[in-house]
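Thanks for coming, everyone. I would like to walk you through one structure today, and I ask that you keep it open in front of you while I talk.

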Amino acid sequence: MANPILETKEVSAWFGKHQAVRGISFSAEPNTINAMIGPSGCGKSTFLRCLNRLHEEVEGARVEGSVLLSKEDIYGQGVDPVAVRRRIGMVFQKPNPFPSMSVFDNVAAGLRLAGIHKRSVLAEVVERSLVQAALWEEVKDKLKQPGTSLSGGQQQRLCIARALAVNPPVLLMDEPTSALDPISTAKIEELLVNLKNDVTIVIVTHNMQQAARISDQTCFFLTGELVEAGETSRIFTNPQDTRTEQYITGRFG
Amino acid sequence: MSKAVALEVSQTVEAGPVKKRDLHLGDRVFFWILRGVATSVILLLAALTLYLFRLSIPAFQTFGAKFLISLEWNPVSEVFGAGPFIYGTVVSSLLALCISVPVSLGVSLFLNELAPKKLADTMGFLVEMLAAIPSVVYGLWGIFVLAPWLRTTVQPLLGKTFGFIPLFQGPPFGVGMLAAGLVLAIMITPTISAICKEVFRAIPDHQREASLALGATRWEMIHMSVIQTARSGILGAVILGLGRAMGETMAVTMVIGNRAEIDISLFAPAQTMASVIANEYAEASSQIHLSSLAAVGLSLFVVSLLINAMARFVVHRVDSRSAKAAH
Ligand SMILES: Nc1ncnc2c1ncn2[C@@H]1O[C@H](COP(=O)(O)OP(=O)(O)O)[C@@H](O)[C@H]1O
Ligand SMILES: [Mg+2]
């Protein structure tokens with residue numbers, strides 16, 4: 001763990017009085033895929049949402065600890081959460097393209113928020129992002145159609161393209177394939193492995209096989225705590241903690 | 001379902017038709033009663049329309065289609081044209097919309113997107129209570145509070161500052177188009193805000209997070225994920241509010257000044273389709289006067305039906321579209 005791009009120190013998160021995340025320290029190397037696994041309700045989504053300061057948008061929610069993005073604390077004094085979210089991409093469980101926008105405008109949305117309106121620049125970045133998200137061939141003739149007219153798997157790749165358009169160093173994904181069929185899932189998994197060259201990915205997954213297939217590092221969560229983190233092959237072949245072992249061998253959760 | 005249960009169910013279903021008569025007699029009676037009630041409601045509506053239509057035939061025979069645009073309404077010389085009332089209805093309703101739509105959008109966005117939950121609940125309740133106040137009470141308030149205030153304070157001020165615009169010229173009467181527009185605006189604001197609030201609430205949170213995660217500020221999020229997504233729903237709410245404003249009678253009759261003339265100034269008295277009927281029906285003595293009032297009523301009825309149908313169509317479209325978005 002020489003030069004992590006993303007590092008958390010003792011991050012805790014609450015919903016009102018309910019503590020959902022308990023002192024998690026974690027770090028991600030550049031150009032890696034980092035999988036978060038664990039039974040549902042163990043705080044994976046909440047932790048992920050602490051990494052781009054989205055958690056605090058929930059009424060009554062609170063975060064403690066620090067999250068360093070390229071050594072800079074995104075919870076530091078005077079840091080604007082909006083600016084943080086511009087630098088960290090996020091893809092959700094359910095594909096959520098903007099229903100009022102075309103395919104093109106969906107991908108361009110982040111750029112427009114950043115103040116880029118020049119048509120030629122937008123067109124170039126939209127194409128590049130759609131190519132990156134392995135969607136360009138399928139939608140290049142449908143750029144003006146509503147984003148919601150695409151299939152579920154295409155919508156999710158559209159959301160990936162939308163997140164990639166602003167060139168974020170880190171991409172957060174919360175069970176991005178759990179609402180998709182196996183073929184769309186396989187496409188996205190392949191895409192993520194290719195994306196590693198450009199971004200660092202933190203992905204929550206319900207599917208242990210998925211974590212094993214694509215990730216470099218795997219983190220096992222249980223009741224808000226990070227039980228064990230390590231190289232994926234090591235976690236799946238030689239877990240140090242008995243709870244990790246029980247979970248990956250399917251004995252609970 | 002276990003095999004045994006499934007078998008039993010299928011046997012019961014198969015045995016069904018034999019005993020159907022006695023078994024479902026209650027259901028059948030109930031069905032026929034409901035069907036009768038539903039049919040009679042439709043018949044009643046049809047009869048009402050027919051009656052209104054028959055009543056207004058003499059007016060249309062005498063004045064022709066010109067009835068709808070003619071500007072003269074004179075019970076003494078028995079010349080009737082609905083022009084001033086159509087103008088009055090359109091202008092007072094549009095004025096009400098111009099004031100109410102921004103306010104309603106502000107209220108519903110504040111309640112739904114910004115206010116903490118407890119405050120939103122109390123305020124939402126209060127706003128909805130406004131819709132429960134009888135319109136005659138709004139009328140009284142208009143006469144005793146709003147009109148004097150307009151006459152002594154607002155209209156002189158408007159006249160002084162914007163007097164170069166014809167809308168704000170002329171003597172301050174208090175009662176008139178401006179008073180009617182304001183009272184209507186207050187009356188339709190609860191309707192429009194309540195519908196907008198429901199439309200906004202139907203937008204799933206993951207739509208808002210989509211823009212927040214892209215680095216949208218709160219305002220940008222409201223614009224991208226709430227207003228843009230709810231465009232047709234907002235339009236539906238506005239059209240329903242317009243329908244209410246056009247049909248409102250009591251409060252308008254009390255504050256609009258009741259003069260069958262078109263005056264460009266908002267300070268001047270005017271009259272609407274609904275208010276002229278309420279005002280003159282009791283004392284209309286001649287056949288042609290009554291018939292002309294009925295013709296005004298028929299026009300109002302048709303326009304209201306069209307507006308409601310339009311609102312339904314628009315709201316239905318947004319429903320099916322957000323259903324698609326949530327697939
Ligand atoms: N909006 C919320 N309000 C209150 N509690 C919540 C909310 N979202 C999640 N929780 C609680 O926080 C805990 C962690 O949830 P979450 O992070 O969604 O788990 P996971 O993603 O691992 O399934 C759970 O106990 C859940 O009930
Ligand atoms: Mg989750």
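Let me begin with a definition, since I will lean on it: a residue is called buried when its relative accessible area is under 20%. Please also bear in mind that what you see is a predicted model.

By that cut-off Phe80(B), at 1% relative accessibility, is buried, and Trp73(B), at 8%, counts as buried too. The rings of these two residues, Trp73(B) and Phe80(B), have their centres 4.7 Å apart and their planes at 70°, so the pair is edge-to-face. Elsewhere in chain B, the rings of Phe63(B) and Phe67(B) sit with centres 6.3 Å apart and planes at 25°, so that pair is stacked; Phe67(B), for its part, is buried, with a relative accessible area of 0%. These four residues belong to one aromatic cluster, which also takes in Phe60(B) and Phe85(B), and over all chains the structure holds 11 aromatic pairs.

Now to chain B as a whole. Its elements are 12 helices and 0 strands, and of its 327 residues 42% count as buried. If we take the contacts within chain B between residues at least 6 apart in sequence, 73% of them join residues at least 24 apart. The chain exposes about 17,800 Å², of which carbon and sulfur atoms supply 71%.

Which helix gives the most to the nonpolar patch on chain B? That is α5, residues 135–162, with 7 residues. The patch covers about 870 Å², and its members include Leu130(B), Trp141(B), Phe144(B), Ile186(B) and Met250(B). Ile186(B) is placed in helix α6, residues 177–201, and at 31% relative accessibility it counts as partly exposed, because the partly exposed class lies between the 20% and 50% limits.

Finally, the interior. The largest nonpolar core has 89 residues, and those that touch the most other members are Leu6(A), Phe26(A) and Phe47(A); even so, the largest share of this core, 13 residues, comes from α6(B). Apart from it lies another core, of 43 residues, with Val126(A), Ala163(A), Leu180(A) and Leu191(A) among them. Returning to Phe47(A), and leaving aside residues up to four places away in sequence, we find that it touches Thr8(A), Val11(A), Val21(A), Ile24(A), Phe26(A), Met36(A) and Phe221(A).

Definitions and conventions. Residues numbered from 1 in each chain as written. Chains lettered and ligands numbered in written order. Predicted model: local features only at pLDDT ≥ 70, side-chain atom pairs only at ≥ 80, totals over all residues. Heavy atoms only, no water. Patch = residues over 30% accessible without salt bridge, like charges linked within 9 Å, V, L, I, M, F, W, Y side chains within 5 Å. Areas by Shrake-Rupley, 256 points an atom, 1.4 Å probe, with all protein chains shown as cover. Salt bridge = Lys/Arg side-chain N within 4 Å of Asp/Glu carboxyl O. Helix = DSSP H or I, 4+ residues; strand = E, 2+ residues; numbered from the N terminus. Buried < 20%, exposed > 50% of the residue type's maximum accessible area, 1.4 Å probe, protein only. Core = buried A, V, L, I, M, F, W, Y, C linked by side-chain atoms within 4.5 Å. Contact = heavy atoms within 4.5 Å. Phe/Tyr/Trp six-rings, centres within 6.5 Å; stacked < 30°, edge-to-face > 60°.
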